[in-house]
Structure formats: C-alpha cells, structure tokens
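This briefing is meant for a reader meeting the structure for the first time. Please keep the sequence and the 3D view at hand while going through the points below.

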Amino acid sequence: MLFAEPSPSPIKHWLWRAGLIDSPEVRLPMTPVSDTLAARIDQAVAAAYRLPAST
C-alpha cells in the first residue's frame, strides 16, 4: 500500500497518521497522496495502532 503511488507521499501520510511527524505535506514536484489511498492508509494505521479512524 505504501508503494501504490509514486513519491514518499504515502509513507509521509502513514507517519503523520501514526503521530510520528507533524505534517503529511510534500514539496513540488511531489504530489500529495490521493484521497482514496489516504483513506486506506488511515484504516491501516487505525488498525495497527488501535486509533479511531479519521472521517
């Protein structure tokens, strides 16, 4: 799942949701993670860390 899209965006999103970094933002020319993949990552992080899933 973390390699489903190019760039470090999925990994940064995971780290952000896990509370390990302050922001999932990336600088150009990188692009943010898609909403669909972000939702999948959020569910996986919630399951792995027993956190409430985001809405």
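How are α1 and α2 oriented to each other: roughly parallel, roughly perpendicular or oblique? In this predicted model, the axes of α1 and α2 cross at roughly 40° and come within 9 Å, and an angle that is neither under 35 degrees nor in the range 65 to 115 falls outside the parallel and perpendicular classes. The two helices are therefore oblique to each other, and α1 passes α2 in a right-handed crossing.

**The two helices and their packing**

- Helix α1 covers residues 9-17 and helix α2 covers residues 35-49.
- The 15 residues of α2 should span 21 Å at 1.5 Å a residue, and this agrees with its end C-alpha atoms, which are 21 Å apart.
- Where α1 and α2 meet, Pro10, His13, Trp14 and Arg17 are the residues from α1, while α2 brings Leu37, Ala38, Ile41, Asp42, Ala44, Val45, Ala48 and Tyr49.
- The buried residues of α2 are Leu37, Ala38, Ile41, Asp42, Val45 and Ala46, and these buried residues pack against α1.
- As background to such a list, an α-helix has 3.6 residues a turn, so residues three or four places apart point the same way.
- Just after α2 comes arginine 50, which has a positive phi, near 55°.

**The salt bridge**

- The structure holds one salt bridge, formed by aspartate 42 and arginine 17, whose closest N and O atoms are 3.0 Å apart.
- Because aspartate 42 lies in α2 and arginine 17 in α1, the pair ties together parts that are 25 residues apart in sequence.
- Aspartate 42 has a relative accessible area of 10%, and so it is buried, since the cut-off for a buried residue is under 20%.

**Two buried residues, one in each helix**

- Isoleucine 41, which is placed in helix α2, has 0% relative accessibility and therefore counts as buried.
- Setting aside residues up to four places away in sequence, isoleucine 41 touches Met1, Leu2, Pro10, His13, Trp14 and Val33.
- Between isoleucine 41 and proline 8 there are 13 Å in space, C-alpha to C-alpha, although the two are 33 residues apart in sequence.
- Histidine 13 belongs to helix α1 and is buried as well, with a relative accessible area of 7%.
- Apart from neighbours within four places in sequence, histidine 13 is in contact with Pro24, Val33, Ala38, Ile41 and Asp42, so that isoleucine 41 and histidine 13 each appear among the contacts of the other.

**The loop and the segment before α1**

- Aspartate 22 lies in the loop between α1 and α2, and at 80% relative accessibility aspartate 22 counts as exposed.
- Aspartate 22 and lysine 12, ten residues apart in sequence, are 9.7 Å apart in space when taken from C-alpha to C-alpha.
- Proline 29 is also placed in the loop between α1 and α2, and the peptide bond that leads from leucine 28 to proline 29 is cis, with omega near 10°.
- Serine 7, in the segment before α1, has a phi near 80°, which is a positive value in a residue other than glycine.
- With a relative accessible area of 30%, serine 7 is partly exposed.

Key:
Residues numbered from 1 in each chain as written. Predicted model: local features only at pLDDT ≥ 70, side-chain atom pairs only at ≥ 80, totals over all residues. Heavy atoms only, no water. Salt bridge = Lys/Arg side-chain N within 4 Å of Asp/Glu carboxyl O. Helix = DSSP H or I, 4+ residues; strand = E, 2+ residues; numbered from the N terminus. Buried < 20%, exposed > 50% of the residue type's maximum accessible area, 1.4 Å probe, protein only. Expected span 1.5 Å × (residues − 1). Contact = heavy atoms within 4.5 Å. Axes fitted to C-alpha atoms, helices over the stretch in contact; angles between N-to-C directions. Parallel < 35°, antiparallel > 145°, perpendicular 65-115°, else oblique. Left-handed = near helix turned anticlockwise from the far one by under 90°.
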